[in-house]
Amino acid sequence: MTQSFHKVTDGFWVSPQLEVEDVTAAAAQGFRMILNNRPDGEDPDQPSGAEIEAAALAAGLAYAAVPIRGRPGPSQIVAAGQALEISDGPVLAYCRSGMRSIATWALVQSGSGAMSRADLVGLARDAGYDLSQVI
């Protein structure tokens, strides 16, 4: 079990790779959506997106997949922003380490003008991630 959920804001958290059992824990903690930013097959031992999606739906959570290899591109930033908009509560996003997830979220926020670069870098730092070279 991962159980390494990092708070960025009240409505957005990130995590390294989730295991199926982590989804139940996420639901119990009040998350409303799982946002998967990890492509299938990056690691032969990772659960597939379909497995995480099935667990999320069984736990009553919404699920969105915006797989990202490397840095997020414009279409991925738009897709992640759309997923975040439709969530009716806190979102738990994951990838291998959480870095792609928090970087994508920060680029969504920056692009919308919702937060300043300094605020985004500070929130990421507080969550254990360095975005100083990303945004």
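**Group meeting talk: a walk through the fold**

Okay, let's start in the middle. The largest nonpolar core has 24 residues, and Phe12, Leu35, Ile102, Trp105 and Leu131 are the ones that touch the most other members. Keep in mind that this is a predicted model. Which elements give two or more residues to this core? They are E2, E3, H3 and E5, plus helix H4, residues 99–112, and helix H5, residues 117–127. H4 supplies the largest share, five residues. There is also a second, separate core of 14 residues, and Ala26, Ile34, Leu61 and Leu92 are among its members.

Let me zoom in on Leu35, since I just named it. Setting aside neighbours within four places in sequence, Leu35 is in contact with Ala64, Val66, Ala83, Leu84, Val91, Leu92, Ala93 and Tyr94.

Now the sheet. Five strands make an open sheet, in the order E1-E2-E5-E3-E4, with mixed pairing. Which strands stand at the edges? E1 and E4 do, and each has a single partner strand, so one side of each has no neighbour in the sheet. On average, neighbouring strands here are turned by 25 degrees against each other, ignoring direction.

If sheets are new to you, here's the background: strands pair through backbone hydrogen bonds, and the pairing can be parallel or antiparallel. We get to see both kinds here. Start with E1, residues 6–9, and E2, residues 12–15: they pair in the antiparallel sense over three bridges. A hairpin of two residues takes you from E1 to E2. If you want a spot to look at, find His6, which stands opposite Val14 in E2.

Moving along the sheet, E2 and E5 run parallel, and four bridges join them. Phe12 is the residue to find, because it brings us back to the core: Phe12 touches the most other members along with Leu35, Ile102, Trp105 and Leu131, and Phe12 stands opposite Val91 in E5. On to the next pair: E3 and E5 are also joined by four bridges, in the parallel sense. There, Asn36 stands opposite Tyr94 in E5.

Let's stay with E5 for a second. In a regular strand, side chains alternate between the two faces of the sheet. So what sits on each side of E5? Val91 and Ala93 are on one side, Leu92 and Tyr94 are on the other, and all of them are buried, so both faces of this strand are covered.

What does the covering? Let's look at two of the helices. H3 lies across E2, E3, E4 and E5, and runs at about 175 degrees to E3. Then there's helix H2, residues 49–58. Its buried residues are Gly49, Ile52, Ala55 and Ala56. Why do we say they're on the same side of H2? Because they cover an arc of only 130 degrees around the axis. Those buried residues pack against helix H1, residues 20–28, and against strands E3 (33–36), E4 (62–65) and E5. Turn the helix around, and the face away from the buried side carries exposed residues: Ala50, Leu57 and Ala58. After H2 comes Gly60, with a positive phi near 85 degrees.

To finish, two residues in loops. The first is Asp40, in the loop between E3 and H2. Buried or exposed, or somewhere in between? Asp40 has a relative accessible area of 46%, so it counts as partly exposed. Its side chain reaches the backbone nitrogen of Gly49 at 2.7 Å, and Gly49 is one of those buried residues of H2. Apart from neighbours within four places in sequence, Asp40 is in contact with Gln46, Pro47, Ser48, Gly49 and Arg69. For a sense of distance, the C-alpha atoms of Asp40 and Ala106 are 23 Å apart, and those two residues are 66 apart along the chain.

The second is Ser87, in the loop between helix H3 (74–86) and strand E5 (91–94). Why does Ser87 count as buried? Because its relative accessibility is 16%, and the cut-off for buried is under 20%. The side chain of Ser87 reaches the backbone oxygen of Gly89 at 2.7 Å. Not counting residues up to four places away in sequence, Ser87 touches Arg32 and Met33.

That's my tour, thanks for listening!

How values were computed
Residues numbered from 1 in each chain as written. Predicted model: local features only at pLDDT ≥ 70, side-chain atom pairs only at ≥ 80, totals over all residues. Heavy atoms only, no water. Buried < 20%, exposed > 50% of the residue type's maximum accessible area, 1.4 Å probe, protein only. Polar contact = N/O pair within 3.5 Å; in protein donor to acceptor, adjacent residues only side chain to side chain. Contact = heavy atoms within 4.5 Å. Arc of directions from axis to C-beta. Pairing = 2+ DSSP bridges. Core = buried A, V, L, I, M, F, W, Y, C linked by side-chain atoms within 4.5 Å. Axes fitted to C-alpha atoms, helices over the stretch in contact; angles between N-to-C directions.
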